[in-house]
Amino acid sequence: MDGSRQTTAVDYGPEEAAMQAYLRDGERRAAALGNRGPIRFTPSGELHPDIVEAYWRCGFYIFEGVLKADELADIERDLHDILDRLPAERGAPLDAQGRPALGADSTAPNLLWSKPLGDPFGGTKLANGRHPVKMFEPTAAADAPKEVVYLILGSLQFSEAALRVYGHPELLAVAAAINGPDFTPFNEALFIKEPGRGSSVAWHQDGTTHWDSPEWDQGVHGFNFMAQLYGCTAANGVWVVPGSHKLGKIDIASLVAKAGSERLPDAVPMIAKPGDVAITNRQALHGSFANTSKDWRVTVNFGFHRRKSVLGVQGGGVHNAAAVYDADRIRERARLIGYGIDARRQRFPAETSYVYKAHAEAGFSYRWSDEARAEIKDYNLLDLSI
Ligand SMILES: O=C(O)CCC(=O)C(=O)O
């Protein structure tokens, strides 16, 4: 796969010219935000205040150059393996080579399918109706398959490279700086936007539990890291309305009606190179367009919460079954952080591993091994979805 920038694979449709103008204008506005650069810490180990300021001002920040070439090669290898092992079609038990398909024996949800360039969620009641407006669905090439996988949930059980990204010491230090050192997991996913096929993700805000809470604030629903394997462009990347994470629940349908199209005038694209990792506030209004470009976009996506946003809260219902999240559940789900840190230590022994406070204080240690690999099957049944 070549992640290099090219032109379009498929025409966006009747509004191709307007779309191209919007993409270029968005790139210019994104460049002016001042919310990108390498991860930097102060001499005393705090996340640099300029980064903290820009993250809370914009609702997202792009950390440049976090994943290096060897780690990207690992992720790409896993991606090829995953793509090879996908079911031949939705629900099929076997892959194209007749082997048991990826996730076919799972209980937890894993593969999400869409028609090529489709919008499976927009304008539906799915996920609590949080994607109220359907995006434009361009017409895919005649030889495109009937459906493509655009999202893989519980991805750490399918990719050891993704598990190692999950244990990245600097990213975990960022999680502690933003959500507190007792931060908890949310969920993990791979977003796969194939050129000329990848579906859109209609405008939405994440978060279901705290919008009307007296405890609501700009960070209460946590954030997602979005690590880019091939980088992302205005055409295939996530778009965000800067500052919208501060606004509470937004009337998305009215915004789109006012704009006269899905091209929201205040939104900007995340532009990233291979190895860049964005941090995105889940309350920010965001979405992505059908990938009519010739560039792959593969995002290793993983989120974290403040512990106090999760503990004792009734969550679920979107990514998994509804439940009240108690300390046992948080502890069990957080073992993936321990496995991620150890898997990373084994692959990159020269790196200083992250010390996760909850594990250090409780005296828990986690060893990544074949037994652990078997043990995390269906781990995402315990996602902490708020
Ligand atoms: O990667 C995308 O296109 C969408 C990501 C997203 O909506 C999310 O992480 O909440």
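1. In this predicted model, the buried residues of helix H10 are Leu336, Ile337, Tyr339, Gly340, Ile341, Asp342, Ala343 and Arg344. Helix H10 itself covers residues 335-347, and its 13 residues reach 18 Å from the first C-alpha to the last, close to the 18 Å expected at 1.5 Å a residue. The cover over its buried residues includes helix H5 (160-166), strand S5 (184-193), helix H9 (327-333) and helix H12 (370-375).

2. Ser155 lies in the loop that runs between strand S4 (148-153) and H5. Ser155 counts as buried because it has 23 C-beta neighbours inside 10 Å, where 20 or more are required. When neighbours within four places in sequence are left aside, the contacts of Ser155 are Ala162, Glu188, Ala189 and Leu190. Ala362, by comparison, stands 207 residues from Ser155 in sequence and 27 Å from it in space, taken C-alpha to C-alpha.

3. One open sheet has 8 strands with mixed pairing, and its order is S1-S2-S10-S7-S12-S5-S4-S3. Strand S1 (36-37) and strand S3 (111-114) are at the edges with a single partner strand each, so one side of each is left without a neighbour in the sheet.

4. Within that sheet, strand S7 (residues 223-228) pairs with strand S10 (residues 277-281) in the antiparallel sense, over 5 bridges; Phe225 has Ile279 in S10 as its bridge partner. Helix H6 (residues 169-179) lies across S7, S10 and strand S12 (297-305), and its direction is at about 45° to that of S12.

5. A second open sheet, of 4 strands, is ordered S6-S11-S8-S9 with antiparallel pairing. Its edge strands are strand S6 (201-204) and strand S9 (268-269), each of which pairs on one side only. Strand S8 (residues 238-240) is joined to S9 by 2 bridges, the two running antiparallel, and in S9 the bridge partner of Trp239 is Pro269.

6. Which residues surround the ligand? They are Phe191, Val201, Asp206, Asn224, Val238, His286, Ser288, Thr299 and Asn301. By class, this shell has 3 nonpolar, 5 polar and 1 charged residues. Strand S11 (286-288) and S12 each supply at least two residues of the shell; S11 belongs to the sheet of 4 strands, whereas S12 belongs to the sheet of 8 strands.

Definitions and conventions:
Residues are numbered from 1 along each chain as its sequence is written. This is a predicted model: local features need pLDDT of at least 70, side-chain atom pairs count only at pLDDT 80 or more; totals for chains, interfaces and linings use all residues. Two strands pair if DSSP finds at least two bridges between them. Two residues are in contact if their C-beta atoms, placed from the backbone, lie within 7 Å. Axes are lines fitted to C-alpha atoms, for helices over the stretch in contact, and angles run from 0 to 180 degrees between N-to-C directions. A residue is near a molecule or strand if its C-beta atom, placed from the backbone, lies within 6 Å of it. Ala, Val, Leu, Ile, Met, Phe, Trp, Tyr, Cys and Pro count as nonpolar, Asp, Glu, Lys and Arg as charged, and the others, Gly among them, as polar. The expected span of a helix is 1.5 Å times one less than its number of residues. A residue is buried if 20 or more other C-beta atoms lie within 10 Å of its own, exposed if 12 or fewer, and partly exposed in between; C-beta atoms are placed from the backbone.
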